Amino acid sequence: MKIVVIGAGMGGMMSAARLAKAGHEVSLYEASDRVGGKLHTEWIGKVAFDTGPSLLTLPAVYKDFFARTGKHLGLLCEIETVDPSFDYRFADGTYVNFANLSRHHTLNNLRAAYGESVSRQWDQLMRRAEKMWDVSREPFIENELRSPLSLLKRFSLIRDLKIIAPWKTLRDFATEELADEHLRYILDRYATYSGSDPRKAPAVLSTIAYVEESFGAWHIKGGLGTLATLVHERAEKVGVTFHLSSAVASINLKRGKATGITLENGEVINADAVIANADASLIYNKLITGKIRKIKKVRKNLEKADASLAGFSLLLGMRKDDLAPLNHHTVLFPKDYDAEFDAIFTHKQPVTEPTIYICAPGDEAMSKDELLEGWFVLVNAPAHGAHGFDWNNAEFARTYANSIIDQIEARGIAVRSRLESMTIRTPADLENAVRAPGGSIYGTSSNGPRAAFMRAKNRSPIKSLYCVGGSAHPGGGLPLVGLSAEMVANAIGSAQNGQPLKSH
């Protein structure tokens, strides 16, 4: 088959590589001059920053991709454990470290910080999250999700529903399982992994905590963006043709079937199948125009869905302090976490006292000066635009950046005395860089029990059109995007010959 792929994000490149390895003719068109989408390691001066994903979970997804396309990932890069996986600090002055790949050590840390009862609460929660993972992994994560009716075929549906409890929000789940507020804040944070509000997001998102604990948090030496470079190289090696700086104007249709694309320069590329690695709202409202009955429901779902969280970030070049180094991932929780979600989802305003995430990898390969290091600081933010907040005000962005630094210093972490450089990135910047509407990190949120079914399906209602990436099933984040690529490649393989894709 002749296949065209729109977008060189991880989902686009990985689906392209799998299909090219299986013998198809695959061409990929990317609007920008680089690959990787949101996954990017950026050099500013002498230090580098992971400006998108900052840790890798479920590395088996990527190991499988490289193995099936002809190379072992371990031979191409150094994958390092992040331990502790997270350093959580609270407004009351207490803190706790979550160990990597060890519930035993995490429970000991919780016991030392907050007592036996709190440690036991987290252990019980993880046991429940493990059951949720076992039930949800196969139908919701590893396979295409066609419709709620497709789940009725499952023999153990009633039992599974009781375990997943789709009628419960993550906040409901936290309130029932966790008496300690520190633990509730930690669990709430897993809603933000999908850009969502814990008061609306499903309880099954607690499985992310279990996945992190059981499969580990990992860093790639040189920065996570190294992974994008390696996937690009692998895709080219198996025959994918890349066209960078080649923006797509439209997906072409004929008799309800995708027949190719038209570039912004007017060139038409015909194809047997089209894979769109773009935000679903762009696919169905910009690249496909006109009233088309087949996608009326998709458009309606996209209109109803809440946009995911956006992010306001600071890229700080810092002089090292060997006496007080930060852990790889530090999270500073505010006194009032609900005020953050009210500000973003209800009032569409920047958060006055946000949760502050600091990524300080301590990776010597991410600095060209042994005295300098890079900190990537991120706070949750409302999306940019008419239905969000106008992030184009540079003066406000500077003032807001300084308020965040003030709050970091108020928690006992020196910044200004060590600061060499500061670069500000707003949701408007992310929108411009990777065509993410409003700068929303994950496209649509997981707010509501039906959110998974409202997300764009991998097989579009339009024949021969497929959707891949963070705004398509199964969702955002490196492992899910990798699984999305595998599903799309298999869907095209089965559409062609009735069998899932088999790489040579």
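G93 lies in the loop that connects β6 and β7. The model described here is predicted. G93 is exposed, because its relative accessible area of 62% is above the 50% cut-off. The C-alpha atom of G93 stands 43 Å from that of N301, and 208 residues separate the two along the chain.

The strands on either side of this loop belong to an open sheet. Seven strands make up the sheet, in the order β7-β6-β15-β16-β17-β14-β18. Their pairing is mixed. β7 (95-98) and β18 occupy the edges. Each has a single partner strand, so one side of each lacks a neighbour in the sheet. From one strand to the next, the twist averages 20 degrees. Within this sheet, β14 and β17 are paired in the antiparallel sense, over 10 bridges. In this pairing, M318 is placed opposite E373 of β17. Strands in a sheet are held in pairs by backbone hydrogen bonds, in either a parallel or an antiparallel sense.

Helix α8, residues 181-192, packs on this sheet. The strands it touches are β6 (86-89), β7, β15, β16 and β17. The direction of α8 makes about 120 degrees with that of β6.

The loop after this helix holds a residue with a contrasting environment. S196 is found in the loop between α8 and α9 (207-215). S196 is buried, because its relative accessible area of 0% is under the 20% cut-off. Its side chain makes a polar contact of 2.9 Å with the side chain of S194. Leaving aside residues up to four places away in sequence, S196 touches A191, A201, L309, F341, F345, S445, S446 and N447.

Helix α14 also packs against strands of the seven-stranded sheet. It runs over residues 394-410. At 1.5 Å a residue, its 17 residues should span 24 Å. The C-alpha atoms at its ends are 24 Å apart, which agrees with that expectation. The buried residues of α14 are A397, Y400, A401, I404, I405 and I408. Viewed down the helix axis, they fall within an arc of 145 degrees, so they line one face of α14. An α-helix has 3.6 residues a turn, so residues three or four places apart point the same way. The other side of α14 carries the exposed residues E395, T399 and A410. The partners of the buried residues are β14 (310-319), β15 (329-332), β16 (356-359), β17 (372-381) and β18 (419-425).

Both ends of α14 show local features. At its start, a side-chain oxygen of N393 comes to within 3.1 Å of the backbone nitrogen of E395. Just after the helix, G412 adopts a positive phi of about 90 degrees.

A second open sheet has five strands, in the order β9-β2-β1-β13-β19. Here the pairing is parallel. β9 (241-243) and β19 (465-467) are at the edges. Each of these strands has a single partner, so one of its sides has no neighbour in the sheet. The twist averages 20 degrees from one strand to the next. Strand β2, residues 25-29, pairs with β9 in the parallel sense over three bridges. Y29 is positioned opposite H243 in β9.

Helix α1, residues 10-21, lies across four strands of this sheet: β1 (2-6), β2, β9 and β13 (273-276). It runs at about 165 degrees to β2.

Two further elements follow in the N-terminal part of the numbering, a hairpin and a helix. Strand β3 (residues 41-44) and strand β4 (residues 47-50) run antiparallel and are joined by four bridges. I44 faces V47 of β4 across this pairing. The two strands form a hairpin with two residues between them. In the turn, G45 has a positive phi of about 65 degrees.

Helix α2 spans residues 60-68, and V61, Y62, F65 and F66 are buried in it. These residues cover an arc of only 130 degrees around the axis, which puts them on the same side of α2. Just after the helix, G70 takes a positive phi of about 105 degrees.

How values were computed. Residues are numbered from 1 along each chain as its sequence is written. This is a predicted model: local features need pLDDT of at least 70, side-chain atom pairs count only at pLDDT 80 or more; totals for chains, interfaces and linings use all residues. Side-chain values use heavy atoms; hydrogens and water are left out. The expected span of a helix is 1.5 Å times one less than its number of residues. Buried means under 20% relative accessible area, exposed over 50%, partly exposed in between (1.4 Å probe, protein chains only). The arc is that of the directions from the helix axis to the C-beta atoms. Contact means heavy atoms within 4.5 Å. A polar contact is a pair of N or O atoms within 3.5 Å; within protein, one must be able to donate a hydrogen and the other to accept it, and residues adjacent in sequence count only if both atoms are side-chain atoms. Two strands pair if DSSP finds at least two bridges between them. Axes are lines fitted to C-alpha atoms, for helices over the stretch in contact, and angles run from 0 to 180 degrees between N-to-C directions.
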